[in-house]
Amino acid sequence: MNLPQLPLDINNGLFRALLETSDIVCLLDPSGRVLYVNKTFQQLTGFETAQLIGRTFEETGLLPALLTPLWQTMLDQMNLTQAETTYDFDYTQPDHEIKYFKTRLVPVLSEPTGGVLEAIVVITQDVTVAKRALLELEADRDFCLQVMHALSEGLVITGLDSNIQFVNRAYEQLFGYNSAEVIGNSVFDMVDRAAQPAFVTQWESTRTGHPHDGTEVYLYRKDGSTFLASVRTTPYSRNNEIIGTIALITDLTERKQAEAALRQSEENYRQLAHHFPNGAVFLYDRDLRFLVVGGKILSQFGYTSENLEGRTIYESLPPESVAILEPKYRAALGGAIIREEVHSRITGQTYLTTYVPVENEKGEIVAGMIVSHDITELKQAMEALRESEEKHRMLADSMEDIISLRDLDGNLLYISPSIERLTGRTIEEAYNEDNVFFFHPDDRGLFTEVIEQLKRGKLPGPLEWRVRMEDGSYLWIETRMKYIYDREGQPFRLLLVSRNIHQRKLTEEALRRSEEDLRQAQKMEAVGQLAGGIAHDFNNLLTGILGYAELAILVSQDQKAPQQLLNYIEEIKAGAERAATLVYQLLAFSRKQVLQPKTLRLNEVIAGMENLLRSLIGENIEFVVNSDRNLHTVEVDPGQIQQVIMNLALNARDAMPEGGRLVIETRNVTLDEAAIADQQLDVVPGNYVLLSVTDTGSGFSPETQQHIFEPFFTTKPVGKGTGLGLSTAYGILRQSKGDIWVTSQVNGGTTFKVYLPSNWSSPPEAEDKAAQEDVVRPRHNRETVLLVEDQDMVRAVIRQLLEMEGFQVIEAENGRVGLQKQPEYPPNLKLVISDVRMPVMNGPVMVEELRAAYPNLKVLFISGYAEGDIKERAMVDPDVEFLQKPFTRQQLMSVVKNMLGITG
């Protein structure tokens, strides 16, 4: 009865009986909602009917997510076509077991021949067992096919009618046919006509249950050629009934050729063996049967070729010899090569015996061979050579130099143990390491170039290069090379002797740097001496100019003096002050100016200059100051360090014409020997205060950096710089026991680092502002002052300045004249003002003689030079002071009155 024709009455007894089968059955409405499920469905899924009625499979969670698209496709297809459909699918259960199902969707229509789709009957059968059996059968069949096609022999399967049913790939390659061309043909068609009767008899015998092994017969190829083959046949059956024949076909062409070649090879071996000088040859087969025996030494052991060939070792040799030799014979047949030296007690000779396999053209081992040489004389020669080499090796091993032997490609063949003592690297590392990597990266190109020269027969001279140590550092060595020649006089080895020259190279480098520093110092000293000489004469001139200008100003303060005169004199004074500044710079870079160091903090100096610096560098440059709040104090001349900061700031400004960033930073640092060497500073290790000035300007090249602190060297256009700014800063810092270092990159900015020795405990000194003020004091009693100066203008202006202050002045043009005028001195002469350097007699000599008569005499030395010894004397002698030319009236009067104790 056709189910779709039944009325849709689930409670109908017949309908329910049809549904309650062993298959999985459920009834759905057209939208896929459950109307009914049978007991098999409930048992399989574990759901009760009440849990399913009115719900879709997706809503109940019954349908796995992977099957949801397939199920929806099935429902859509049913609603579209209203035709029965069948689907096969597999489902992996939670325990990972795969189940196979076949599902039928049967429509239930309102009319037997059409109408509206009222319901869908879903019938699902579990076909897992049948599916698995089919899959296993297919797998077995595939495996059998793979095995048959993997055979190197041709395989043919025929029926009882002798027609071909299957051939493998080896058959197709052997005969030149493809399987489609031979299936259905008689197997006898491939057999040579002359051999067909015997072959048919063999085939008939096999069909009756008798297999045949290895019949040799000529067979036809597709191209008509024939070849000799071995054919093995066996019957095959099903359900104990023979249904066909299986044949395996082996091409014997190569084997026959190999056998012929072996026979020819045996003959060749026999000819070689019988004429083998100073030795013996044995060729044997897999049964350890001697095939060929010969050689001049056989008779020494009591053998001949005739009594060995054709016999096995078991028949020819004593049992004790067989026990020793048999494993070696068989090892050679297995592919091993054995070499050994044997000393014969019978002959007293030493033999080198080699066991080797013998292969045919296909690489198959078909025999074994033993070759024995008498090496007695060779051993004696080698022993003598070994003793000689041992002596040389002991000599090489005991040397401090590295002795090595290389081939002409640079490959290492021998290296002496001294490499371990010199480099810390083992001999094994030297052998295993790449030759090029053994050298410093900068020297690897030289190594490659040397190898190319050697290949061209050009032997290089002594080479200096660096080799890598165990710790990664590099050692300087000097290598000398020599060819070793072969018997034909051709170079084939390279002997290298490498010597440690590391200390020599370091000494040479230190000497080079010292010479460079000496040249620089000599250059600076020469320029300094020049500057000092110029400054002396210039200072004397400026002293007179300044003095007369100040006198003129004092006189012109009279209201009756023309205003124009006052203006002119002010200009003279201003020009003289500018000239004095230039001289100050000359003395600064020559490091001969007089220092007036004070304990101060650089942070306070920079803070006092900050407004001035901001106005000088301009608004287009960002100005940043980073100060260490715990900065140590330093001992330095305040005016000089201000000049250093000013020079560095102005240089930075000039390097940033389009704007940029200027950073001044201070901090405490400790310089050790490594840091000093790295920056090439001329200071001692210790604690320092660092002042760094960094800009983002144009920078300069390494070549410029080498000359940056030289006097008169400038990168600015003509007329834009004197070249004294950085040299002045350098001179100031060196005289203050500090130093300066610079790093720069073109278009990458510049950083100057100033190092000054830190003063841990000294507090900064307060400024003596009272000494700086020009206080008009009341005149005092007329003290007598001895003035000794060789320059007339300078002497005259100082005399007038002193007289305007109420002092009585005794003049002298040099030290001798000063002593000659001693009768004119009052008994209470308190002060002498004297130039240091004068003709006839200088100031210090004169003072020493005067102090014999005036022990309490106070002395003010004046000079256009930076008199270091006089300055030091003034620092320890409270009755001695020093004043650098040029000086102002205020400076002169301040010192004179302070020395004489004049307070009013």
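Glutamate 478 counts as buried, at 14% relative accessibility. In this predicted model, glutamate 478 forms a salt bridge with arginine 504. The closest N and O atoms of the two side chains are 4.0 Å apart. Arginine 504 counts as partly exposed, because its relative accessibility is 33% and the partly exposed class runs between 20% and 50%. The two residues belong to distant parts of the chain. Glutamate 478 is in strand β19, residues 474-485. Arginine 504 is in helix α17, residues 502-556. The separation along the chain is 26 residues. Both side chains also take part in a network of salt bridges. Its members are Glu464, Glu478, Arg480, Arg504, Lys505 and Glu508.

A search of the whole structure returns 33 salt bridges. Side chains of opposite charge can pair when their charged atoms come close. One of the bridges joins arginine 466 to aspartate 443, with an N to O distance of 3.1 Å. Arginine 466 lies in strand β18, residues 463-468, and aspartate 443 in the loop between α15 (427-432) and α16 (444-455), so the pair ties together parts that are 23 residues apart in sequence. Arginine 466 and aspartate 443 are both buried.

A further salt bridge is formed by arginine 653 and aspartate 654, at 3.2 Å from N to O. Arginine 653 counts as partly exposed, with 28% relative accessibility. Aspartate 654 is partly exposed as well, at 35%.

The protein chain as a whole has 904 residues, and 42% of them are buried. Its secondary structure comes to 29 helices and 32 strands. Among contacts with a separation of 6 or more, 55% are between residues 24 or more positions apart. The accessible surface of the chain comes to about 49400 Å². Carbon and sulfur atoms account for 51% of that surface.

Five strands form an open sheet with antiparallel pairing. Their order is β12-β11-β15-β14-β13. Strands β12 (290-294) and β13 (338-343) stand at the edges with a single partner strand each, so one side of each is left without a neighbour in the sheet. From one strand to the next, the twist averages 15°. Helix α12, residues 319-333, packs on this sheet. The helix touches β11, β12, β13, β14 (350-359) and β15 (365-374). The direction of α12 makes about 40° with that of β14.

The pairing of β11 and β12 can be followed residue by residue. Strand β11 covers residues 279-284 and is joined to β12 by four bridges. The two strands run antiparallel. Tyrosine 284 has phenylalanine 290 of β12 as its bridge partner. Valine 281 stands opposite glycine 294 in β12. The hairpin of β11 and β12 has five residues between the strands. In this hairpin, leucine 288 takes a positive phi near 60°. Five of the five residues of β12 are buried, so this strand is largely enclosed by the rest of the structure. Strand β12 is thus an edge strand of the sheet, yet its residues are buried.

The largest nonpolar core has 38 residues. Leu602, Ile641, Ile645 and Leu662 have the most contacts inside this core. Helix α20, residues 638-654, supplies the largest share, with seven residues. Beyond its neighbours within four places in sequence, isoleucine 645 is in contact with Val605, Ile606, Met609, Leu613, Ile664 and Leu691.

Tyrosine 218 is found in strand β8, residues 212-220. Its relative accessible area is 45%, and tyrosine 218 is therefore partly exposed. Leaving out residues up to four places away in sequence, tyrosine 218 touches Met190, Val191, Asp192, Thr226, Phe227 and Leu228. The C-alpha atoms of tyrosine 218 and alanine 229 are separated by 6.0 Å. These two residues are 11 residues apart along the chain.

Conventions
Residues are numbered from 1 along each chain as its sequence is written. This is a predicted model: local features need pLDDT of at least 70, side-chain atom pairs count only at pLDDT 80 or more; totals for chains, interfaces and linings use all residues. Side-chain values use heavy atoms; hydrogens and water are left out. Two strands pair if DSSP finds at least two bridges between them. Axes are lines fitted to C-alpha atoms, for helices over the stretch in contact, and angles run from 0 to 180 degrees between N-to-C directions. Contact means heavy atoms within 4.5 Å. Buried means under 20% relative accessible area, exposed over 50%, partly exposed in between (1.4 Å probe, protein chains only). A nonpolar core is a set of buried Ala, Val, Leu, Ile, Met, Phe, Trp, Tyr and Cys residues joined through side-chain atoms within 4.5 Å. Accessible areas come from the Shrake-Rupley method with a 1.4 Å probe; for residues, only the protein chains shown count as cover.
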